[in-house]
Each structure stands twice: as structure tokens, then as C-alpha cells.
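Subject: A structure for you to explore

Hi there,

Here is the structure I promised to hand over. Please open it and have a look around before you read my notes below.

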Amino acid sequence: MTSHINRRVFLGTSALAAIAAGTSLGFPSALAQGTPKKGGVLIATWGGFEPQAVFVPGGGGSSPLISSTKILEPLLRQDSQAGFLPVLATEVKPSADFKSYDIVLRKGVTWHDGKPFTADDVVFSIEKYWLQTIAKAALKNLSGAEVTEGGVRVSFKEPTPEFFFKSVLATSLVIPKHVYDGSEIVTNPANNAPIGTGPFKFKQWVRGSHIEYAANHKYWDAGKPYLNGLVMRYWRDAASRTAALEADELQLGIFNPIPTPDIDRLSKSGKFVASTDGYLGAAWASTIEFNSRRDVVKDPAVRRALLTAIDRATISDVVYFGRAKPGTSFVSSTNPKFYNPNLPRYEFDAKKAAKMLDDAGYPKKGKSRFKVHLLAAGWFEENGKVGQFVKQNLEDIGVEVTLTVPDRATSLKQIYGDYDYDIALSNYAARVELVPQQTDYLSTSGIVKGAAFRNATGYSNPEVDDIVAKMSVESDEAKRKDLAFKLQEIAARDLPITVLVELIPTTMMSKKVKGVGNRADISADSLSDAWLDV
Amino acid sequence: MKRSIVRRLFQIISLIIGVIVMNFTLIQMAPGSLLDIMTSEQQVTDPATLQHLKQLYGLDQPAIVQLLRYTWSVFSFDLGYSYRQNAPVFDIIIAQLPSTLLLMLTSLGVAVTLGMIAGVIASVKVNTAWDVVISLAAVFFFAAPTFWLGIMLIIFFAVHLDWLPVGGMTTIGGQFGPAGHVLDVIRHLILPALSLGLFYAAIYTRVMRASMLEVFSLDFVRTARAKGLSKTRVILAHVFRNALLPVVTLFGLQLGTVLGGSVVIEAVFSWPGIGSLMLDSVMSRNYPVVLGVFVLSAVVVAVANLLVDLAYYRLDPRIRSR
């Protein structure tokens with residue numbers, strides 16, 4: 001994958017638990033083997049390009065997420081069991097009515113410039129940063145944040161579900177008030193050389209090449225980080241990353257760093273480990289979206305027929321070399337809290353699909369039934385190939401297809417600005433919590449012309465809106481789950497958007513890299529536990 | 001000569017205006033804008049924030065006003081501000097342009113040196129085994145894609161032999177002192193300069209060979225031989241010098257194309273040049289950076305061509321007298 005889009009970003013980072021056993025391709029989840037050794041410099045990379053700035057306050061996609069989270073930290077983080085672990089907060093306690101939360105802050109934490117970390121920093125981050133930029137939608141019920149004796153109290157107008165709020169905390173970075181106060185956060189020069197509380201300090205950025213980090217010897221988690229330093233290097237060419245791994249000039253590559261055929265070759269050499277652990281907080285999927293404003297595809301019966309005509313198993317095997325699997329719901333099957341496994345499946349069956357179209361009132365007239373404009377969004381190279389498969393599948397049942405694969409900016413404009421498509425092939429990276437990011441794809445309030453990665457299909461259903469509204473304020477976990485199940489049933493029936501195939505992102509690393517497991521989102525991990533076994 | 005330099009300066013200024021107008025128009029015509037990219041990356045959906053950003057980026061004004069403002073600022077030596085990179089455009093480009101120039105000049109140096117030597121040998125030993133081998137090699141390096149050649153060189157010299165680094169421009173965290181630093185950069189430069197240089201060397205070889213053969217057949221060469229000059233002296237003083245003009249012309253022309261060709265090599269070797277910056281900026285419709293790169297490259301190419309013209313004066317007195 002050569003590009004990166006930014007669904008996860010409104011919460012800055014994404015986090016959540018990996019069902020390691022379910023998604024791992026033969027990689028043991030126990031990563032903390034042996035006693036950590038101190039020292040060494042870890043050279044890491046990822047499958048995309050260098051970031052536009054080391055820290056992009058608005059999110060900015062995977063690359064700045066990776067580069068900033070070594071320096072800046074959230075209040076909580078999530079492990080691969082969906083549990084929340086303390087970072088800058090030691091405790092987050094809801095009130096009985098779930099209308100306020102008391103956040104107890106860690107003591108003895110200092111910023112990299114030596115100033116103490118205080119509750120003021122957290123209040124500033126919430127009010128001036130999260131509310132303005134990254135978590136505007138998520139925190140729309142917020143009524144105030146105030147400094148208390150042990151930390152910060154956050155109050156809401158409506159009950160706010162605990163899992164939801166903790167997800168926000170686990171994915172929103174805390175920034176220093178003394179650096180950002182009174183300035184435009186988006187253009188602050190500190191974004192290119194961030195000051196944080198994390199295990200690594202910013203050292204140097206050589207644009208076009210790498211970012212260098214030094215260990216923070218005053219890190220609050222005594223004894224960590226184990227590494228002396230960290231380097232994030234950027235290669236634009238995936239084959240060069242393979243060569244760098246083989247030459248030991250690179251030890252850790254997250255998020256599909258090398259060409260897929262190389263993954264097996266390197267794993268077999270015994271010197272490298274391929275892991276699929278650490279992507280639950282960003283469950284990547286390739287999606288199919290039907291434009292409800294367009295004549296033929298606004299009919300759910302047609303959508304069901306078209307989905308039945310698509311051979312998703314072959315797409316997974318051929319386009320993604322087996323590192324993907326057919327989707328079964330709008331929610332990722334790796335989601336441990338909300339995934340509904342009992343939904344109607346649209347297994348590939350061309351004959352059945354043809355019959356479904358006949359029944360829906362679109363029999364073949366001459367050679368074709370109708371024409372559609374299929375748009376494969378240009379954020380990933382694979383999308384164009386998926387487009388070719390889908391086009392072939394649909395033409396087999398007599399649907400005429402015009403396939404376009406525009407570049408990134410054009411795709412954004414056509415899908416989210418002009419709604420100029422019948423069927424769109426796109427992607428998203430979802431967290432476990434569905435509100436508001438994933439629900440925005442289905443709800444009426446998610447329709448915002450020109451706003452990317454939300455409801456572009458124009459699908460509007462009062463029943464869905466009602467469920468989403470309830471999910472936002474329901475504090476009972478079991479009831480939230482029921483609501484989520486119901487939501488998926490409706491999505492599977494009406495199919496405004498669904499997962500075409502679920503992607504299985506891979507981390508490639510040298511065998512001597514240890515301590516990078518048990519994370520919901522490896523991209524957002526600070527690497528404080530990473531060490532080199534040399 | 002002075003007059004022609006002044007004339008050249010005027011040409012450079014009009015060239016820059018041309019580059020700005022043309023590229024600005026092309027970017028305006030491409031669908032999608034920086035605003036689309038930035039808001040999608042940052043998940044901005046609030047209409048008020050959208051409007052604020054539009055004003056911040058200066059995208060609320062008509063295109064012609066944006067163009068005039070930009071052109072004016074370029075001639076007051078200001079290339080604008082890149083919101084995507086959160087830094088002035090000049091700073092961003094100047095951080096990466098020198099490494100591209102270094103790579104470009106080294107690989108052209110490799111190309112000219114290798115190409116001329118090979119071309120001279122091939123022409124002197126025309127229709128012998130030497131000529132055949134050199135010509136075959138030239139065809140091979142001309143036809144082989146530079147990225148493929150780059151990766152093959154990496155696999156052989158960096159992965160298998162472990163003689164040279166896989167990529168980058170310096171050893172990260174290395175402390176060598178000034179002289180050590182230069183050596184370190186040279187070590188990193190060898191493979192990318194070779195990958196890029198061999199491709200161009202192939203062209204120089206062909207041109208040099210043809211040009212030499214042509215001069216060999218001229219009357220004054222026969223005269224020189226008849227005077228009883230040594231073979232080496234005939235080749236170097238008479239033929240080589242006269243065969244050099246087409247190569248110099250080609251050199252000037254290629255300064256521009258090498259800048260483009262280095263995009264691929266920079267990607268393969270993670271060379272911190274402006275190639276990837278340019279690519280990213282086009283993809284994100286970040287026109288201040290795109291235009292900035294083009295303006296600075298245009299200046300570099302124009303100045304280089306000016307130097308090439310000066311070289312003409314030295315090489316061929318007839319041009320001086322014109």
C-alpha cells in the first residue's frame with residue numbers, strides 16, 4: 001500500500017484490541033519474551049511515505065500518527081484485549097449517571113523541555129485542541145472540563161458511554177499548553193519539532209530521509225525506553241525496504257512495508273518475523289459504496305444482486321495475495337465488541353445474481369441490463385485492480401461498467417464533493433468503537449457535502465438515525481451491543497456501504513526486535529517497550 | 001559576450017514567468033484542491049472551519065489574483081508558505097534541493113566521463129570486438145529501467161557483498177568529522193549516481209562515437225595525419241575537441257531531464273532530494289511547493305545552460321566571432 005488515507009485521524013490515533021489469535025498469521029502473541037536489554041538504536045519504517053510534519057494536529061493520516069506518537073502521549077492506551085491501560089491518566093472514573101468523568105493524572109511527569117505536566121495541559125488540550133479539531137463530533141455533548149484536586153473533571157450534557165469516552169481518550173494526544181497557548185495550533189512551528197511527554201524526544205528531521213529520536217531519560221515509566229534512540233526512515237520504494245531489512249539497515253517495518261511476495265520469502269529465511277498483531281485499532285477494509293441518488297443502484301435489491309455477483313474470495317487471493325478475506329458485515333469481523341456474525345451473506349454466485357436482477361425488474365435487454373459508473377478510489381494501488389475484477393464480475397451478469405481510477409485528489413472530489421459515481425470502491429480504517437466515525441457512514445447527519453470519509457452515498461434512514469442517537473448516550477454495554485447488532489442488520493439489508501474485503505495488514509521485523517506486541521494499534525504505539533536482542 | 005549574458009538573464013526571467021503561469025494553470029485545471037486533501041486528512045467537516053482554512057490558504061480569491069500575487073512574491077524572492085508542511089516553501093525546498101543537485105551533477109559527471117571514454121574507444125577501435133562490447137553495453141544500460149538497475153545494484157553491492165549502504169545520504173547518527181562526513185556521503189552516493197549515470201552514459205557513448213567517427217572523416221584530420229602527427233595527438237587534439245560540441249549540447253539539455261529522472265532513483269535509494277517532495281505536492285495539489293520546485297529547477301537549468309553556452313565559446317572560436 002503506497003498511500004494512506006486518514007479515517008482514523010479525527011481521533012488522532014486509533015486504538016483497540018487485537019484478537020491476536022484470530023488475525024495472526026502464525027505469530028505468537030507473547031512478544032515480551034526474555035528480559036529486555038538496554039541500548040541500541042532501532043531503525044523503523046512503514047509502508048508509506050514520510051509525514052508532512054512530525055506532528056499534524058488535525059491527524060494527517062498514518063504517517064504523522066506514527067511519527068508523533070513516540071513523542072506525544074494520550075491519557076490512556078488500549079491493548080490487544082480491548083482493555084484500557086493507563087498512560088498519562090492513572091484512572092478514569094465515570095459518575096453514576098455517566099454525565100461526568102474524573103480523570104486522575106499521573107504525578108511526576110515532565111515535558112521534554114523540563115516543564116511539569118499539569119492538569120492545565122489536559123484542560124487546554126480538551127478545550128483548545130480536541131474540541132476544535134480532532135474530536136469535535138465525538139465530544140459534541142461536552143459541557144466543560146475543569147481542574148480538580150487529583151486531575152481533571154469532564155462534564156457532559158448527556159450520559160456518555162464509558163467505552164466510547166475512553167476510546168476518545170486513548171486516541172487523542174495531550175499537547176503542552178505552554179507551547180501552544182495563544183497561537184494557531186495548526187501552524188505552530190513546534191509541530192515540526194514536537195515537545196511531548198513520551199519515551200522519545202525529537203532530535204532531528206532530515207526531510208526526505210528520516211526522523212531521529214533520542215531516548216527520554218526522564219521518562220515517567222522508570223527504566224524505559226529500553227532503546228537509546230529511534231530512527232524512522234522513509235523509503236518510497238517497497239523493494240528497497242526489503243533490501244534494507246536484509247542488509248540490517250532496517251529492523252522494523254509496520255503496515256505492509258514490503259511487497260507481499262517478499263513477506264513469505266523473508267519469513268522463511270528465519271531471520272525475520274511477519275506479524276499481523278496490532279492492527280485492530282485500525283481495521284483496514286476495502287469497501288463498496290452504492291450511490292443512493294442514482295437511479296438503478298438506489299434499489300437495495302439491485303445492490304444485493306451486484307454484491308452476489310462479485311467474487312470476493314478471488315479478489316482476496318489475487319489482488320491481496322491472500323492477505324485479505326471477504327467481508328461479512330459493515331463492521332470488521334475482528335471487532336471484539338460489536339461484530340455481528342449472524343448476518344445474511346452474499347456469497348459469490350453469478351447465476352443467482354443474474355436471477356436476482358431479473359426479479360428486481362432489470363432483465364437483459366439485448367446484451368445488457370443497465371450501465372453503471374464504477375469509481376475505484378486512487379488512494380491505494382490495489383483499488384484499481386479490485387476495480388478490474390468487479391467490472392469483469394458485473395459484466396458477466398450483463399451489467400455494463402465504465403471503470404475509472406482517478407488519483408487521490410480527484411477521487412475525493414468525485415466521491416465526497418460531487419457525488420459523481422454509481423458504485424465506489426474505497427477504503428476505511430475503523431476502530432472498535434463505532435460512534436461517531438463508522439456510524440457517520442450510515443446516518444443522515446453523516447451527509448456533509450465536501451467532507452471526506454463519511455456518508456457519501458446519501459443513504460438516509462430514520463431507523464438508523466435513531467439507533468445512532470441511542471448508541472451515543474447509552475451507558476449500558478449490553479444494550480449498546482444490541483444496538484450495534486441491529487445497525488449491522490439494517491446495513492446488511494440495505495447495503496448503502498459494506499466491506500468488500502477485510503485487509504490483513506502485516507508488520508515485518510528482524511527477529512532481534514522485541515517488545516512491540518500487545519497493542520491495539522501498532523502505528524500509535526510509543527515503542528517504549530521495544531528493545532533489541534543483540 | 002556581456003550582451004549575450006544580459007540577453008540570457010532576460011530569457012531566464014521570462015522563462016520563470018512562463019513556468020509559473022503554465023504550471024499554475026495546469027494545477028488549477030486538475031480536479032480537487034489542496035483544501036480537499038487537507039480537510040480529508042484532518043477530518044474537517046465544520047463549514048466555519050472550512051471557510052477559515054480557505055481564507056488561511058488564500059483559496060477564497062479568484063485564480064487570477066492568486067496567480068498575480070504568487071508571481072509578484074516570487075520576484076520579491078518569496079516562494080510562499082506551505083500549510084501542508086507547516087513551513088515556508090523556500091525552507092522546504094532548500095533542505096532537499098542540494099542533495100538532488102549533488103546526485104544530478106555526480107551522475108552527469110559519471111555519465112560524461114564514462115560515456116566519453118567509451119565513445120572514444122569505440123570510435124577509435126571501430127568495428128572491432130571493443131566497439132561491439134561497448135555498443136552492446138550502451139544498449140543494455142539505455143534499455144534497462146533505472147529503478148531496476150538501482151535495485152539490482154543494491155541487492156548485489158549492499159545486501160550480498162555488504163560493501164555499500166542500502167540508501168540514504170549519510171550514516172544516521174554517525175560522528176566522523178568533516179572529512180569523514182564527505183567520505184560517508186561519497187559512499188552513499190556511489191550506487192545512486194551509478195544507477196542514474198549509467199543510463200546517461202549510454203547516450204553519451206553513442207553520441208560521442210558517432211561524432212568522433214564523423215570528425216575522423218573530415219579533411220583536416222587527414223591533413224593532421226599527413227603532417228605526421230602521432231595517432232594520440234590526432235585523436236585528442238583534433239578529433240576529440242571537435243567532436244565534443246554535440247556532447248556539450250546534450251549535457252545542457254539533459255540537466256533538465258536528469259532532474260526528472262532522479263525522482264525514481266531518489267525513491268529507490270531514499271535519497272533526500274526534491275523528487276518525492278515534488279510527487280507528493282502534485283498529488284496533494286500543494287501548488288506553492290510544486291511551483292516553488294519548478295521555479296527553482298528552472299533557475300538551475302537556465303543557469304546551467306548559460307554555463308554550457310560559455311563552454312561553447314571556449315570550445316569553438318567560431319561561435320565567439322558570431
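What follows is a short tour of what I found. Please keep in mind that this is a predicted model.

**A sheet in chain A**

A good place to begin is the open sheet of four strands in chain A, which runs in the order β4-β5-β7-β6 with antiparallel pairing. Its edge strands are β4 and β6 (142-147), each of which pairs on one side only. From one strand to the next, the twist averages 15 degrees. Helix α3 (residues 119-134) of chain A packs on this sheet and touches β5, β6 and β7 (151-156). The direction of α3(A) makes about 155 degrees with that of β6(A). Another helix, α4 (residues 162-171) of chain A, lies across β4, β5 and β7 of chain A, at about 150 degrees to β4(A).

Now zoom in on β4 (residues 89-94) and β5 (residues 100-105) of chain A, an antiparallel pair with five bridges. Ala89(A) has Leu105(A) as its bridge partner in β5(A). Five residues sit between the two strands of this hairpin, and Phe98(A) takes a positive phi near 60 degrees there.

**Where the two chains meet**

How many residues does each chain bring to the contact? Chain B gives 44 residues and chain A gives 51 residues. Between them the chains bury about 3900 Å², with 56% of that on carbon and sulfur atoms. Eleven residue pairs are in polar contact between chain B and chain A, counting residues at pLDDT 80 or more. On the side of chain B that touches chain A, the elements giving two or more residues include α2 (34-42), α5 (89-124) and α11 of chain B. The largest share of that side, five residues, comes from α2(B).

There are two salt bridges between chain B and chain A. Arg285(B) forms a salt bridge with Asp407(A), with the closest N and O atoms 3.0 Å apart. Arg285(B) follows α11(B) and has a positive phi, near 55 degrees. Helix α11 (residues 274-283) of chain B is itself mostly covered, with seven of its ten residues buried. Among them are Ile274(B), Leu277(B) and Asp280(B).

**A covered glutamine in chain B**

Gln66(B) lies in helix α4 (residues 63-75) of chain B. Is Gln66(B) buried or exposed? Gln66(B) counts as buried because its relative accessibility is 7%, and the cut-off for buried is under 20%. Leaving aside neighbours within four places in sequence, its contacts include Phe24(B), Leu59(B) and Tyr287(B).

**Salt bridges in chain A**

Side chains of opposite charge can pair when their charged atoms come close. Over all chains, the count comes to 31 salt bridges. In one of them, Arg369(A) meets Asp358(A) at 2.7 Å, N to O. This pair links distant parts of the chain, eleven residues apart: Arg369(A) is in the loop between α10 (350-359) and β15 (370-376) of chain A, and Asp358(A) is in helix α10 of chain A. Arg369(A) counts as buried at 10% relative accessibility, while Asp358(A) counts as partly exposed at 37%.

Asp525(A) and Arg519(A) also meet in a salt bridge, at 2.5 Å, N to O. Asp525(A) is buried at 4% relative accessibility, and Arg519(A) is buried at 6%. Salt bridges with shared partners join Asp221(A), Lys224(A), Arg519(A), Asp525(A) and Asp529(A) into one network.

Enjoy exploring!

Best wishes

Technical notes. Residues numbered from 1 in each chain as written. Chains lettered and ligands numbered in written order. Predicted model: local features only at pLDDT ≥ 70, side-chain atom pairs only at ≥ 80, totals over all residues. Heavy atoms only, no water. Pairing = 2+ DSSP bridges. Buried < 20%, exposed > 50% of the residue type's maximum accessible area, 1.4 Å probe, protein only. Axes fitted to C-alpha atoms, helices over the stretch in contact; angles between N-to-C directions. Contact = heavy atoms within 4.5 Å. Buried area = accessible area lost by both parts, 1.4 Å probe. Salt bridge = Lys/Arg side-chain N within 4 Å of Asp/Glu carboxyl O. Polar contact = N/O pair within 3.5 Å; in protein donor to acceptor, adjacent residues only side chain to side chain.
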